[in-house]
Structures are given as C-alpha cells and as structure tokens.
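Reader: I have a model open on my screen and would like to learn how to read its helices and strands. Could you walk me through it?

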Amino acid sequence: MESTQCPNCRSSACCHPFYEVRGVPTNSCLLVDDRGRALDFPTGDIMLAVCGECGFIFNASWDPDRTIYSDQYEETQGFSPTFNAFNRAIAEELISGYDIRGKTVLEIGCGKGEFLSLICKLGGNRGIGYDPSFVPDRQRSEQDIRFVREFFTGETRETAPDLLCCKMTLEHIAQPHRFLVSVRTVAARQDSVIFFQVPDVRRILGYLLRALLVFQLHFAQTLVHRDGLCGPQDLDGL
Ligand SMILES: [Zn+2]
C-alpha cells in the first residue's frame with residue numbers, strides 16, 4: 001500500500017489504508033431489468049485510504065472501467081418534498097447572494113436537470129447542463145436550457161458562465177485536482193461564481209465509526225459472556 005499513488009496530488013509516499021470491504025457491487029443507483037441481473041451484478045473491493053499529503057480519501061482498489069454512468073443511473077431525489085425544499089433554498093441563496101438573474105448557469109453533473117431547471121426558472125437564467133445520465137423525456141422544462149449527455153472533461157469547451165455549479169459530483173471524479181483545473185479553465189472570467197456541493201466526510205466516517213463500535217460491542221459482549229470478565233451491566237453506555 002505504501003506505493004499507492006494519491007489520485008489527487010500524485011504523492012506516493014503517504015497513503016494509508018484504514019477500511020476494507022470485499023465483494024461489494026461495483027455501482028450504486030444503477031437500475032437493472034430483473035432479479036437475476038441484480039444477483040449477478042459485478043462486484044469489486046473497497047480499500048479506503050487517506051493521503052497524508054493532501055488529506056484526500058479514496059478507494060485504492062477502484063477500477064474506473066467498472067463504473068457505469070448511463071441513462072440507467074437513477075440518482076434523482078426529486079420525488080422528495082424535503083429534498084426539493086433544500087434544493088430550492090440553495091437556488092434562492094445563489095440567486096440572491098450573487099445576483100444570478102438573467103445570466104448563464106452551467107451545471108456539471110446535472111443528473112435529470114431538476115436543479116438547473118429550477119435555478120433558471122427562479123432567476124430567469126439560461127442553462128447548460130452536462131451529464132451522461134440525463135434523460136430527455138424526464139425533463140420538460142420550458143426554460144432556455146441546453147443539455148449535453150456527456151461527461152465534462154478537460155477537452156470540453158464552453159463559454160464562461162456567470163455561475164458554474166457542481167453538486168454531489170466531485171466525489172465521483174477519479175482525479176479531482178485535474179477536474180478542478182478544467183473547471184477553472186472554463187470559468188475563466190474573474191467574476192464567474194463557482195459553487196461546489198460535496199458530501200461531508202465527517203458524517204460518513206461517523207456512520208462507519210458507529211458501525212465499528214456496534215461490532216466492537218458485540219465482540220466485547222461475546223468475550224465477556226464466554227470468559228466472564230464482567231457483567232453485561234458494565235457495558236452499559238458503550
Ligand atoms: Zn494526496
């Protein structure tokens with residue numbers, strides 16, 4: 001593992017593994033046609049490692065060729081009123097905070113286009129959305145929006161937008177630093193607003209830690225009952 005190279009900063013000296021699980025499905029959110037295909041879905045390993053140089057956490061066992069983003073990728077949370085209220089609050093905050101009215105908004109990883117459609121509607125904006133999982137039949141927006149069913153890459157050429165937003169997408173990208181350089185190239189204007197939304201790793205690791213504690217507690221209880229080290233009451237509050 002010492003020779004593992006950080007996909008973000010390219011350091012190869014300081015990557016430390018801290019969590020491993022084997023044989024998990026290689027994709028989430030991907031819909032398959034029947035139960036048999038679901039049961040036969042390809043699996044791979046997770047080996048989470050942290051880079052001591054830049055702090056990036058990544059799956060050192062990840063194989064990008066096994067990850068699929070297509071129109072079968074169902075990421076929307078747009079059927080949830082709670083999520084829609086959250087999305088609307090973000091759109092309103094961006095519009096009012098940065099005067100995004102009558103302007104051009106570029107969204108990378110726009111999914112089915114719900115947020116882009118919303119911010120264009122609320123602010124009277126024009127939109128450009130990039131996502132290979134976009135499905136035209138799922139978006140009936142009357143706004144001036146151009147959807148591109150492709151990845152946004154270093155080769156992508158677009159007019160510099162007034163607002164570039166990228167929500168819950170950066171964590172899916174293999175080489176974040178290289179991607180950010182591409183974003184900076186497109187949003188070349190000094191007054192372009194760039195907005196990223198990413199998961200909070202503290203919350204994710206909190207779930208992991210709680211799962212480990214439950215496991216440890218079960219392990220401890222097993223030892224206690226087998227070896228009679230102490231009574232169950234001594235484990236209360238763990
Ligand atoms: Zn790094």
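Author: Happily! Keep in mind that this is a predicted model. Two packed helices are described by the angle between their axes and the distance between the axes. Here, helix α2 (residues 81–98) packs with helix α3 (residues 114–123) at an angle of about 45°, and their axes are 10 Å apart.

Reader: What does that angle make α2 and α3 to each other?

Author: They are oblique to each other. As for handedness, the crossing of α2 past α3 is right-handed.

Reader: Which residues make the contact?

Author: From α2, look for N87, R88, A91, E92, L94 and I95; from α3, F115, L118, I119, L122 and G123. Sorted by class, the contact of α2 with α3 comprises seven nonpolar, two polar and two charged residues.

Reader: How far apart are the end C-alpha atoms of α2, and what span should its 18 residues have?

Author: Use 1.5 Å a residue: the 18 residues of α2 should span 26 Å, and the end C-alpha atoms are 26 Å apart, so the two agree. Just after α2 comes D99, with a positive phi near 55°.

Reader: Now the strands. In what order do they form the sheet?

Author: The order is β1-β2-β3, in an open sheet of three strands with antiparallel pairing. β1 (15–25) and β3 (57–59) are the edge strands, each pairing on one side only. On average, neighbouring strands of this sheet are turned by 20° against each other, direction ignored.

Reader: How many bridges join β1 and β2?

Author: Eight: β1 pairs with β2 (residues 43–51) in the antiparallel sense over that many bridges. To find your bearings, look at Y19, which stands opposite L48 in β2.

Notes: Residues are numbered from 1 along each chain as its sequence is written. This is a predicted model: local features need pLDDT of at least 70, side-chain atom pairs count only at pLDDT 80 or more; totals for chains, interfaces and linings use all residues. Axes are lines fitted to C-alpha atoms, for helices over the stretch in contact, and angles run from 0 to 180 degrees between N-to-C directions. Helices (H or I, at least four residues) and strands (E, at least two) are DSSP runs, numbered from the N terminus. Angles under 35 degrees count as roughly parallel, over 145 as roughly antiparallel, 65 to 115 as roughly perpendicular and the rest as oblique. A crossing is left-handed if the near helix is turned anticlockwise from the far one by less than a right angle, and right-handed if clockwise. Two residues are in contact if their C-beta atoms, placed from the backbone, lie within 7 Å. Ala, Val, Leu, Ile, Met, Phe, Trp, Tyr, Cys and Pro count as nonpolar, Asp, Glu, Lys and Arg as charged, and the others, Gly among them, as polar. The expected span of a helix is 1.5 Å times one less than its number of residues. Two strands pair if DSSP finds at least two bridges between them.
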